Amino acid sequence: MTTILIDPSENVCTLHSKPARTGVYSEQKTIPFGEDLVLPLEGREIVVRTDGFPRSEG
């Protein structure tokens, strides 16, 4: 299972994966807006372009 957090205030997406029984994810990867977000899906991948995501001005 993978959980994605999209954070426009920080201009990043964070993928959390490999959840433990305690509910804590053992892996995380941060993808800055502008880079492709690659999501694993049983036997294939989905690519989400993040270059059009709204960005924080601050």
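These legends accompany several close-up views of a predicted model.

**View 1. Three strands line up in an open sheet.** Welcome to the sheet, whose strands follow the order β1-β2-β3 with antiparallel pairing. At its edges are β1 (2–7) and β3 (25–32), each of which pairs on one side only. Neighbouring strands here are turned by 20° against each other on average, with direction ignored. The strands β1 and β2 run antiparallel and are joined by six bridges. For a place to rest your eye, look for I6, which stands opposite C13 in β2.

**View 2. Here we look at T14 and its contacts.** T14 is a residue of strand β2. Is T14 buried or exposed? T14 counts as buried because its relative accessibility is 10%, and the cut-off for buried is under 20%. Leaving aside residues up to four places away in sequence, T14 touches T3, I4 and L5, and also Q28, K29 and T30.

**View 3. Further along strand β2 we meet S17.** Strand β2 covers residues 12–19, and S17 has its place there. With a relative accessible area of 18%, S17 is buried. Which residues does S17 touch, not counting those up to four places away in sequence? They are M1, T2, Y25, S26 and E27. One of these contacts, E27, appears again in the salt bridge of View 6.

**View 4. Seven residues gather in the largest nonpolar core.** The members of this core are C13, L15, I31, F33, L37, L39 and F53. Two strands, β2 and β4 (36–41), each supply at least two residues of the core. C13 is a good starting point for exploring this view. Not counting residues up to four places away in sequence, C13 touches the core members I31, F33, L37 and F53. Its contacts also include L5, I6, K29, T30 and T50.

**View 5. Strands β4 and β5 make a hairpin.** How many residues lie between β4 and β5 in this hairpin? There are two residues between them, and G43 in the turn has a positive phi of about 85°. Strand β5 takes in residues 44–49, and β4 pairs with β5 in the antiparallel sense over six bridges. To follow the pairing across, find D36, which stands opposite R49 in β5.

**View 6. K18 and E27 are linked by a salt bridge.** By the rule used here, the count comes to two salt bridges, and this view shows the one between K18 and E27. The closest N and O atoms of K18 and E27 are 3.2 Å apart. K18 counts as exposed because its relative accessibility is 51%, where exposed means over 50%. E27, at 37% relative accessibility, counts as partly exposed.

**View 7. D51 and R49 form another salt bridge.** How far apart are the closest N and O atoms of D51 and R49? The distance is 2.6 Å. R49 is exposed, with a relative accessible area of 57%, whereas D51 is partly exposed at 41%. You may recognise R49 from the hairpin view, where R49 in β5 stands opposite D36.

Methods: Residues are numbered from 1 along each chain as its sequence is written. This is a predicted model: local features need pLDDT of at least 70, side-chain atom pairs count only at pLDDT 80 or more; totals for chains, interfaces and linings use all residues. Side-chain values use heavy atoms; hydrogens and water are left out. A salt bridge is a side-chain nitrogen of Lys or Arg within 4 Å of a carboxyl oxygen of Asp or Glu. Buried means under 20% relative accessible area, exposed over 50%, partly exposed in between (1.4 Å probe, protein chains only). Helices (H or I, at least four residues) and strands (E, at least two) are DSSP runs, numbered from the N terminus. Contact means heavy atoms within 4.5 Å. Two strands pair if DSSP finds at least two bridges between them. Axes are lines fitted to C-alpha atoms, for helices over the stretch in contact, and angles run from 0 to 180 degrees between N-to-C directions. A nonpolar core is a set of buried Ala, Val, Leu, Ile, Met, Phe, Trp, Tyr and Cys residues joined through side-chain atoms within 4.5 Å.
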